[in-house]
Amino acid sequence: MAVLDLTHAGIIIAQKLAEMGFDVTAVDVYNTIAEDVLFSLQVDFGIAVSRSPVPVGPFDIIVSPVHLEPGYQMLAEAREQGKEIISHHRAVGMILSANKTLEGIKVIEITGSKAKTSTASILADMLSRTMVVALHTTRGLELWTGGRARILHLGLSIAPGSILHAVDTLKFMDIHPDCCIFEVSIGGTGYADIGMITTLEPDYTIAKSTSQASDAKLRMLDYGKEGSVFVLNSHDSRSVSKARELGRDFFTFMDSGSQDTQADLRLAFNGKSVTLNAGKISICADVDSSYNAFSYTLAFVAAGAAALHMGVSGEAIAEVISGFTGLQGRMQEKDINGRLLIDNSNSGMDITSAERALDYGLRGLARENAGKVLMVLGEEAAQVCEGLPPEKVAEFAGRRICDIDHLILVGDRMRDIRNEKISHAVHLEDGLEQAMGMSEEGDLVISCVKCFR
């Protein structure tokens with residue numbers, strides 16, 4: 001068996017497969033893994049390693065991430081020779097099924113283009129009112145009990161292989177949750193009892209622009225295990241149609257503003273309160289005014305749908321929504337030395353989200369007659385969820401620079417975007433330091449940097 005791409009949590013996939021008795025070769029496709037790590041794979045796990053493509057003849061199965069270019073030599077050869085190719089997602093599902101570590105634990109996997117972390121975090125809070133919940137997102141691995149979270153581990157990605165790291169951490173710490181919620185990038189493993197797709201939009205290309213991310217996410221429906229249930233956005237007609245065609249057990253939710261009245265759970269938001277309606281059930285919750293609740297309506301309804309399915313009471317769901325004050329880096333408002341900071345820097349941030357943050361901030365200025373507007377925009381790593389395309393940043397700057405007193409662009413790929421109102425920063429912290437230095441009390445600082453937090 002060959003495991004391609006060790007950069008995106010492929011190392012632990014190779015290790016687990018070797019422990020299961022497979023003859024494994026690990027290929028460092030992107031040439032990013034340190035020599036001592038590769039040496040350890042050889043010595044400690046008996047895994048053959050290579051930084052270059054190797055002939056696929058000896059292998060029965062090729063394990064490859066969904067985002068790898070299909071023209072990569074080993075993939076092309078594997079297709080020509082009729083070799084079986086499975087994704088990292090599927091390999092993780094196979095490993096979880098074989099080692100039975102999560103047996104007896106309810107497993108929820110959440111994927112989608114937007115609101116994954118917010119949905120997972122809100123759902124963990126809701127479920128924690130009646131059970132112990134382990135939550136793995138871009139924020140880290142957390143343990144939720146009674147509406148409170150404790151950080152267990154920081155620094156894991158949401159690549160599918162990181163689920164195995166999270167599970168190992170729980171085992172090492174001798175923690176036995178009732179439920180595990182995993183945020184997963186671009187799909188699901190097939191092991192989940194409940195699989196959720198928050199939304200397929202906005203879609204984007206992967207694998208050197210040869211396929212769509214939505215196609216990879218929809219595969220969650222193809223290989224869900226027997227008895228699994230899916231929670232789907234009624235706006236995504238492709239996922240709903242596919243679930244029907246495959247005979248999957250599923251239910252749908254509708255975000256505020258959607259015209260779909262057929263969804264199983266529907267959300268309405270009037271700016272001050274959220275109402276969830278499902279048949280005879282109606283849940284109403286006032287929202288805290290310290291953050292932009294409109295940015296969380298998708299997360300509220302998606303989490304509420306899964307929570308209701310799992311038997312959480314309407315009272316507990318309303319309590320969580322009313323007590324919610326936003327997540328770090330997701331349209332959260334802060335007072336920093338007299339400046340209003342709108343913190344929207346996170347791994348899922350895109351140019352649409354950045355423009356929404358700017359508009360939200362400008363509406364606040366109109367009400368309060370505040371001072372200057374400074375914006376920190378860009379990326380800390382082009383690899384974070386496909387990066388933030390410089391051409392989109394340039395187009396945004398061209399359209400909206402008139403609304404911004406100073407724009408600080410973060411990341412090497414933004415260096416060629418220039419204007420008398422634009423300066424550049426190396427990373428998020430550098431950008432925020434510049435913004436604080438250029439501003440004074442009463443000014444607005446908007447932070448929109450694509451990064452892991």
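## Legends for close-up views

**The whole chain, for orientation.** The accessible surface of the chain comes to about 19,100 Å² (Shrake-Rupley method, 1.4 Å probe; for residues, only the protein chains shown count as cover), and 48% of this surface belongs to carbon and sulfur atoms. The model is predicted: local features need pLDDT of at least 70 and side-chain atom pairs pLDDT 80 or more, while totals for chains, interfaces and linings use all residues. Residues are numbered from 1 along each chain as its sequence is written, and side-chain values use heavy atoms, with hydrogens and water left out. There are 13 helices and 24 strands in the chain; these are DSSP runs numbered from the N terminus (helices H or I, at least four residues; strands E, at least two). The C-alpha trace spans about 70 × 55 × 40 Å along its principal axes. The radius of gyration, taken over C-alpha atoms, is 23 Å, which agrees with the value near 22 Å for a compact globule of 453 residues; the globule rule is 2.2 Å times the number of residues to the power 0.38. Of the 453 residues, 57% are buried (under 20% relative accessible area; exposed is over 50%, partly exposed in between; 1.4 Å probe, protein chains only). Contact means heavy atoms within 4.5 Å. Among contacts between residues at least 6 apart in sequence, 62% join residues at least 24 apart.

**A cluster of aromatic rings holds Tyr291, Tyr296, Phe300 and Phe324, linked by ring pairs.** Rings of Phe, Tyr and Trp (its six-membered ring) pair if their centres lie within 6.5 Å; planes under 30 degrees apart count as stacked, over 60 as edge-to-face and the rest as tilted. By this rule the chain has five aromatic pairs. In the pair of Tyr291 and Phe324, the centres are 5.5 Å apart and the planes stand at 85°, an edge-to-face arrangement. Tyr291 belongs to the loop between strand 18 (281–286) and helix 9 (297–309), and Phe324 to the loop between helix 10 (314–323) and strand 19 (332–336), so this pair ties together parts 33 residues apart in sequence. Tyr291 is buried, at 3% relative accessibility, and Phe324 is buried at 9%. Tyr296 and Phe300 form a tilted pair, because their ring centres are 6.4 Å apart and their planes make an angle of 35°. Both of these residues are buried as well: Tyr296 at 1% relative accessibility and Phe300 at 0%.

**Ser121 sits in helix 5 (residues 116–127).** Ser121 is buried, with a relative accessibility of 4%. Leaving out residues up to four places away in sequence, Ser121 touches Leu135, Arg139, Trp144 and Leu327.

**Met74 is placed in helix 3 (residues 73–80).** Its relative accessibility is 0%, so Met74 counts as buried. Not counting residues up to four places away in sequence, Met74 touches Ala2, Leu4, Val27, Pro53, Val54, Val56 and Phe59. Between Met74 and Arg139 there are 34 Å in space, C-alpha to C-alpha, and 65 residues along the chain. Arg139 also appears in the view of Ser121, as one of its contacts.

**Asp264 lies in the loop between strand 15 (249–254) and strand 16 (265–269).** Asp264 is partly exposed, at 41% relative accessibility. Apart from neighbours within four places in sequence, Asp264 is in contact with Phe251, Thr252, Asn277 and Ala278. From the C-alpha of Asp264 to that of Ile417 the distance is 46 Å, and the two residues are 153 apart in sequence.

**A cis peptide bond joins Glu201 and Pro202.** Its omega is about -5°. Pro202 is found in the loop between strand 11 (194–197) and strand 12 (205–206). Most residues other than glycine have a negative phi, and most peptide bonds are trans.

**Asn31 and Ser209 are two residues to view for backbone angles: Asn31 has a positive phi, near 55°, and Ser209 has a positive phi of about 65°.** Neither Asn31 nor Ser209 is a glycine. Asn31 lies in the loop between strand 2 (25–27) and helix 2 (35–45) and is partly exposed, at 48% relative accessibility. The loop that holds Ser209 runs between strand 12 and strand 13 (211–212). Ser209 is exposed, with a relative accessible area of 55%.
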